[in-house]
Every structure is written in C-alpha cells, then in structure tokens.
Amino acid sequence: VDFTIHVCVGSIGFLIVFGAAVIISVIVKACDGIVPGWVETTGEYAEMALFGIDLICFGLFIVSEAIRLVRGLWSE
C-alpha cells in the first residue's frame, strides 16, 4: 500500500511537469509566424528538454521506488 501511495503521489508531480511541457508546446504553436524563428526554435528545444528531463527523472523515480519496495519486502 505504501508503494502504491508513493508512486501515485510522485506521478502527480511528474504529470504537472509534463503539463508544463504541453503548455509550452501550445504556446509555441500558437505563436507560429508571429515571433521570430529563433524564438520558436528555442521554445521547441525547451519543450523537448523539459519532456526528456521529466521522462528520465520519472524513470529514476520508478526504479528507486521499486528498490525501496524490494528492500521493504526483503526485511519483512
């Protein structure tokens, strides 16, 4: 039960960061042609970087929680 609660609460945090990446994407697409090209390109790279960092950190989070679960089961 503790493992499930940790993963659900942690996932909510990562979903919030993912939402920020989606908002950046929407803003960049909405500004297409309005702002200079380098601003659009920078926004797209920021979106990809945020999404990539979010995925990497989520993977590390899941692995650490799985290790914590195995340690807890092993100690019992």
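**Exercise 1. Find the packing partner of the buried residues of α2 in this predicted model.**

*Solution.* The buried residues of α2 pack against α1. To see which residues are concerned, go through α2 and pick out those that count as buried, namely Glu 40, Gly 43, Glu 47, Asp 54, Phe 61 and Glu 65. As a check on the set of possible partners, note that the protein contains 2 helices and 0 strands.

**Exercise 2. Compare the end-to-end reach of α2 with the span expected for a helix.**

*Solution.* Begin with the length of the element, which is 39 residues for α2. Next take the distance from its first C-alpha to its last, which comes to 57 Å, and set it beside the 57 Å expected at 1.5 Å a residue; the two values are close.

**Exercise 3. Describe the overall form of the protein from its dimensions and its contacts.**

*Solution.* The C-alpha trace spans about 60 × 15 × 10 Å along its principal axes. The radius of gyration is 18 Å, whereas a compact globule of 76 residues would have one near 11 Å. Turning to the contacts with a separation of 6 or more, one finds that 71% of them join residues 24 or more positions apart. As for burial, 17% of the 76 residues are buried, while the protein exposes about 5700 Å², of which carbon and sulfur atoms supply 77%.

**Exercise 4. Identify the residues of the nonpolar surface patch, and state which elements give two or more residues to it.**

*Solution.* The patch is formed by Leu 15, Phe 18, Val 22, Val 26, Phe 51 and Leu 55, which together have about 540 Å² of accessible area. The elements that contribute two or more residues to this patch are α1, covering 2–30, and α2, covering 37–75. The largest share, 4 residues, comes from α1.

**Exercise 5. Classify Phe 18 and Ile 23 as buried, partly exposed or exposed.**

*Solution.* Both residues can first be placed in the fold, since Phe 18 is found in helix α1 and Ile 23 also lies in helix α1. The relative accessible area of Phe 18 is 37%, and because the partly exposed class lies between 20% and 50%, Phe 18 is partly exposed. For Ile 23 the corresponding value is 52%, and because exposed means over 50%, Ile 23 is exposed. A distance may be added for Ile 23: its C-alpha atom is separated by 22 Å from that of Gly 59, a residue 36 residues apart from Ile 23 along the chain.

Definitions and conventions
Residues are numbered from 1 along each chain as its sequence is written. This is a predicted model: local features need pLDDT of at least 70, side-chain atom pairs count only at pLDDT 80 or more; totals for chains, interfaces and linings use all residues. Side-chain values use heavy atoms; hydrogens and water are left out. Patches are made of residues with over 30% relative accessible area and no salt bridge: like charges are joined within 9 Å, nonpolar side chains (Val, Leu, Ile, Met, Phe, Trp, Tyr) within 5 Å. Accessible areas come from the Shrake-Rupley method with a 1.4 Å probe; for residues, only the protein chains shown count as cover. A salt bridge is a side-chain nitrogen of Lys or Arg within 4 Å of a carboxyl oxygen of Asp or Glu. Buried means under 20% relative accessible area, exposed over 50%, partly exposed in between (1.4 Å probe, protein chains only). The expected span of a helix is 1.5 Å times one less than its number of residues. Contact means heavy atoms within 4.5 Å. The radius of gyration is taken over C-alpha atoms; the globule rule is 2.2 Å times the number of residues to the power 0.38.
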